[in-house]
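User: I'd like to go through some of the labels used for this model and see what backs each of them up. Can we start from the structure itself?

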Amino acid sequence: MALLEIRNLSVEFATHSGKFRAVDGVDVTVDEGELLAIVGESGSGKSVSMLALMGLLPWTATVTADKLEFDGHDLRKISARARRRIIGKDISMIFQEPISSLNPAFTIGWQIKESLRKHTNMSRSQRQDRAVELMRQVGIPAPEKRLQAYPHQLSGGMSQRAMIAMALANKPKLLIADEPTTALDVTIQAQILELLTDLQKNSGMALVLITHDMGVVAETVQRVQVQYAGQRVELQEVDGLFENPHHPYTAALLAALPERATEKRLPTIPGVVPGQFDRPQGCLFSPRCSFADARCIAERPTPAGHDLGYALCHYPLIDGQPTGKENAA
Amino acid sequence: MTDAASQPARPAVPPSRLKEFWSSFRENRGAVIGLFVFLAFLVVAAFAPILAPYSPTEQYRDALLVPPFWQDGGSTRFLLGTDAVGRDLLSRLIYGARFSFFIGVIVVTLATTLGVLLGVIAGFAPTWLDTLIMRLMDIVLSFPSLLLALVMVAILGPSLLNAMIAISIVLQPHFVRLTRAAVLAERSKDYVTAARVAGGRPLRIMFRTVLPNCLAPIIVQAALSFSTAVLDTAALGFLGMGAQPPTPEWGTMLAESREFILSAWWVVTFPGLCILVTVLAINLMGDGLRDALDPKLKRS
Amino acid sequence: MSEPILTAKNLKRHYEVKGGFMKPNAIVRALDGASFSLTPGKTLAVVGESGSGKSTLARVVTMIESPTEGELTIGGRQIGPNGAAGDRDLRAMVQIVFQDPYGSLNPRQTIGQTLMEPLLLNRPDVSAQEREKRAREMLTMVGLRPEHFDRYPHMFSGGQRQRVAVARALMLEPKILVLDEPVSALDLSIQSQVLNLLMDLQERMDLAYLFISHDLSVVRHIADEVLVLYLGQPVEIGPKEVLFEEPRHPYTKALLSATPVADPLMRKERIKLTGELPSPMNKPDGCSFNPRCWRKLDICTSVEPELQGQGHCFACHNPVPEDETAAA
């Protein structure tokens, strides 16, 4: 059974100049102990959909979903109090900027123990032991000493480890990592990614990795969900995705990677991600798609089947060639 | 460009700055009310000679301390009654608006100009000059503002002009601090470095590149200072250190009529009410301005 | 190969940091002895982690800051202690493009004003009409539309702003363009557009690029030569192909192996670097990389290695053997 199941999630923000749909009918399924990546550029709604799940969006946001189920609980119906009992215990999240996600006024140890105090009934000494154990688990040297440190005394990589320790405090069933390594240097990024995947393998926790970095995706995850302009455009196993992308956006994105380029000039995706004021009527990718035709501009596509990576496209690609055009004509 | 007309239709563009500002200002109902009251106050001040039924200084000896028209003994000849020497209260209040507005504009202009100038200099200056300016401002700020203004007026001699100068000096440290903070925040941004690489001289960078980007908090502070200026001038007038009788300045009017507070309530109440409404309107408007201009406080 | 347009010899930039009450002032060696040269039409990429002195190098080369020590020669002229102050021709030779397209454009200036400003300040003999004409031409050249001329930066996306920043840098027809992480704030699909633009412009205008980046896959694509910085010191410099295929310095090798490759079939063994970048305020004795190095010898903790070699230089007592590098 799926640990997390989201069907047709939409998030709308009320802004001064009208409604803005940041997430548009997204489905997410995460099985127990699974490692899923959500990939997309800025504005793809990858962070917003997870924040909506956590109930962390500002009041201007309206969240709607056909199904929002975690571990048997329907998150749409439960009270704020019951939700708080799940969030932070069974679902945890870490963010891009480790320095600003830790409260600068308290020590690392206090912050970890506070989270333990809220969700467990451990005694003070048990909490201390657990905190030391957690710090050791995330590879922080001299944990007893570091528990006394304030966030500004730690480097970026150490802060991110401390954040992970906090997130793991209550042995969550699901950890959402929102661009956990974007702010870090490559050598530190490698350390943190390895830590996260090891934790996922060894503790049986499910991990959702939100990122924009295709390299990180290729090296770490099993299943990839590609999002564009608030929609899920493709969902595939990682090997298949890189070898045979079915959505033109995925294909174009992969082609634009400098390391996959075959000549000096890089293939590009013309135009920009649609914003609040220029959302196309049909397929959202149609203005930038090299395969788009009249149908793409007029009609919203529906997801293809499992074999075609659920590609949200009228003519999903197979080996780089669009299919199904002849039927439409 | 000649071929500009042949360009394809421009795509949808986000709303312009002004439009966005107005739409977020409009959300704050108090601010809009404040704005309208302030505009009404402006119109009254501008057209005082037309609107006022009488001269503000003409004394009608046959009508001393006449109450407003709705009270017994009142008549529609003097709508809001007269004061102890028979001057029409309504006319005096209308002309008083002129003074208050004039005071506000002069004081805010003086304080802003001086404060912004010093603030920009402090923001760009070497450490010693910065420290010198800021410590001087701290000294000014360490006195209760009205008391300092009072002392200065006492030295300069009581008159409306001196009161305005004193209040400007008391108000300008706020502008210095605000401007310096904004300048320091902007100065480290890349576009300033880019202007330097492009060969901009220090003065140009200070006033053409950086200053326009620091204006939002300064405008808000100026709006709020306007009400402080009106209030402080009234207070100085009330203490006899501001505008001198028979100037129809609201604070001075209050002071003159102090003794009638029990016998003729209208002489005291109406100037006080005018001060209250004006200051409130300006503060409401200033709050709205801050919400609309300061992105840090803006609701998303 | 043409003559270098810029040569730097042993360039250093130190900052003094106030030690606070009763503490001596500390010296931060942000850039500690970099030597390199730039050639028209070629790209030198500078690679390193945060704190490696990349951005300081950019500021020194752009003459925003003057070097504490060392020689900087641009176009055959040595740069004095005052940098380019008062020397318009010298200033026009080197221009810069910053990382953050949101902070690098003045929000109160239209795109047109932004583009015309360098001309206004440095070429007083150019008439107003001529200025506008050149700015509009430049706008077209970087792939923006003429109607963008009168718009403000907040109406543009990150990629478009970066095009404007490039256009502004080119208004004075510089010979050298310093690109300080020009694409790392951009989305992948926009990144390739900007990289293509930069390569086109280099070809058309014979520009020398100093390309600063932490993204090795971008560097591999755009660079001709690569300089690897660690704690302000160059640890390895060489032609791109050689450096990527046969890195000799352990740090370069570790950096290459830590960079994720966008190919799931190529998952590889990483060289694990333990620990983090030490503070440039108290560098370790000897080789500054020794606390994190897995090939450390005794000599590494006491003697600072010199940069040596011809064409492909590296500063290491115990470099990675050549046959081992081929496997990377």
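Analyst: Sure, here come a helix pair and then a sheet, bearing in mind that this is a predicted model.

User: Why are helix 8 of chain B and helix 9 of chain B called oblique to each other?

Analyst: Helix 8 (residues 190-197) and helix 9 (residues 202-210) of chain B pack at an angle of about 135°, with their axes 11 Å apart. Roughly perpendicular covers 65 to 115 degrees, and roughly antiparallel needs over 145. An angle of about 135° fits neither range, so the pair counts as oblique. The crossing is right-handed.

User: Which residues make that contact, and what is it like by class?

Analyst: Helix 8 of chain B brings B:Val192, B:Ala195 and B:Arg196, while helix 9 of chain B brings B:Ile205, B:Thr209 and B:Val210. By class, that gives four nonpolar, one polar and one charged residues.

User: Over in chain A, what makes strand 7 and strand 11 the edge strands?

Analyst: The open sheet has six strands in the order 7-8-9-3-10-11, with mixed pairing. Strand 7 (91-94) and strand 11 (231-237) of chain A each pair on one side only, which is what makes them edges. From one strand to the next, the twist averages 20°.

User: How do you know that strand 3 and strand 10 of chain A pair?

Analyst: Pairing takes at least two bridges, and strand 3 (residues 35-39) and strand 10 (residues 223-228) of chain A have four, in the parallel sense. One of the bridge partners to look at is A:Val224 in strand 10, opposite A:Ala37.

Conventions
Residues numbered from 1 in each chain as written. Chains lettered and ligands numbered in written order. Predicted model: local features only at pLDDT ≥ 70, side-chain atom pairs only at ≥ 80, totals over all residues. Axes fitted to C-alpha atoms, helices over the stretch in contact; angles between N-to-C directions. Helix = DSSP H or I, 4+ residues; strand = E, 2+ residues; numbered from the N terminus. Parallel < 35°, antiparallel > 145°, perpendicular 65-115°, else oblique. Left-handed = near helix turned anticlockwise from the far one by under 90°. Contact = placed C-beta atoms within 7 Å. Nonpolar A, V, L, I, M, F, W, Y, C, P; charged D, E, K, R; others polar.
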